[in-house]
Amino acid sequence: MADVYCFGHVSTGKIIRLKGRYPEPDGYSEIVEILDNHSGEATGSALVLAQLGISVTLEGNWIGDNHECRRTLDFLQSRGLDCSGLKVQPGYQGVTELVISDGETRTVFGRYIDLLFTTRQWEMPNIDKIRAAKIACIDPSFGEATLIVARTAHHAARSVVTCDTRADSELATLSDIIAISQEFLRREYPDAMHSDTIREQLFYKYLEQCPGLVVFTSGKKPLWYGRGYKSNTNIEHHIAPGKRCEMPSFKIEVVDSAGAGDSFRGGLIYGLLSNFSDEDNIRFSCAVAALICTTSPGCVHPPSLSQVQEFLAAHQLRS
């Protein structure tokens, strides 16, 4: 069975890369290129892990009954992912997105509200596959299905890795690693985006709820990471519980930032499987995300382990 069980978004779409910045309303911007993309949070993490040599099972929303969505399924299978649990639903149009990227920002247009807040458009998770894996990688927005994966993995003593879930959620209390993005803070905790004091208070609130590693990513700014107060203090390479640490971002020329968060989570899972120290895991994951941002679509062309190691060596960082 697979080392990692991923459950969540599987999307089909395109990336439009702009020459300049995203225009104002009624404005104009030149198109550099239009690229096919196979995306979604779970998909991005799964593709990164597969390229790093990790076996992955991917389950989530239905696959559309059309050429474009079937092409996404074929692509995922060609990358060695176990997609046997992904169902092509007859007559279903699929989950699609259009991303417009200017190198500094990305704007997403999609069908995610329809997916998540109307009728159920996914199969429920496979309990046996969750128990057989070493780690469960879970997208947070699939309601009861998300919690089934987290509860099952937790009860089976499997690690739970997720992202962008509220501090007061059940998922936070079950997670071994949570990565929180700026996009999520802007949406759910807007005051934290305007005040470092409020952001720090929120960070420590996560440490109170999550027993594992909490990471606040921040684009080009230093990220924050720390272990929850209930974290196991007997593991030598973990940082002390309740301590907030910082790590600067890598200086790179960004081509496209789409998939940076998904790839960062994939890097964290690889580091967990490899028994990296917390510091080395964060560095490794930052390197993976940085490399993803230097190409487009990033998660479709994820770096190999040797490329990540070479990147770290070039930046005088240990993996």
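## Exercises on cores and a buried threonine

Leaving aside neighbours within four places in sequence, Ile282 is in contact (heavy atoms within 4.5 Å) with Leu213, Val215, Leu223, Tyr225, Met247, Phe264 and Leu268. This is a predicted model: local features need pLDDT of at least 70, side-chain atom pairs count only at pLDDT 80 or more, and totals for chains, interfaces and linings use all residues. Residues are numbered from 1 along each chain as its sequence is written, and side-chain values use heavy atoms, with hydrogens and water left out.

**Exercise 1.** Find the largest nonpolar core and the helix that gives the most to it.

*Solution.*
1. Start with the term. A nonpolar core is a set of buried Ala, Val, Leu, Ile, Met, Phe, Trp, Tyr and Cys residues joined through side-chain atoms within 4.5 Å. Buried means under 20% relative accessible area, exposed over 50%, partly exposed in between (1.4 Å probe, protein chains only).
2. The largest such core has 53 residues. Ile282 is among those with the most contacts inside it, as are Tyr225 and Phe264.
3. Helix α10, residues 278–292, gives the most to this core: 9 residues. Helices are DSSP runs (H or I, at least four residues), strands likewise (E, at least two), numbered from the N terminus.
4. A second, separate core has 22 residues, including Tyr5 and Trp62.

**Exercise 2.** Place Thr165: is this residue buried or exposed?

*Solution.*
1. Locate Thr165. It sits in the loop between β8 (159–163) and α6 (170–174).
2. Check accessibility. Thr165 has 7% relative accessibility, so it counts as buried.
3. List partners beyond four places in sequence. Among them are Pro140, Phe184 and Tyr206.
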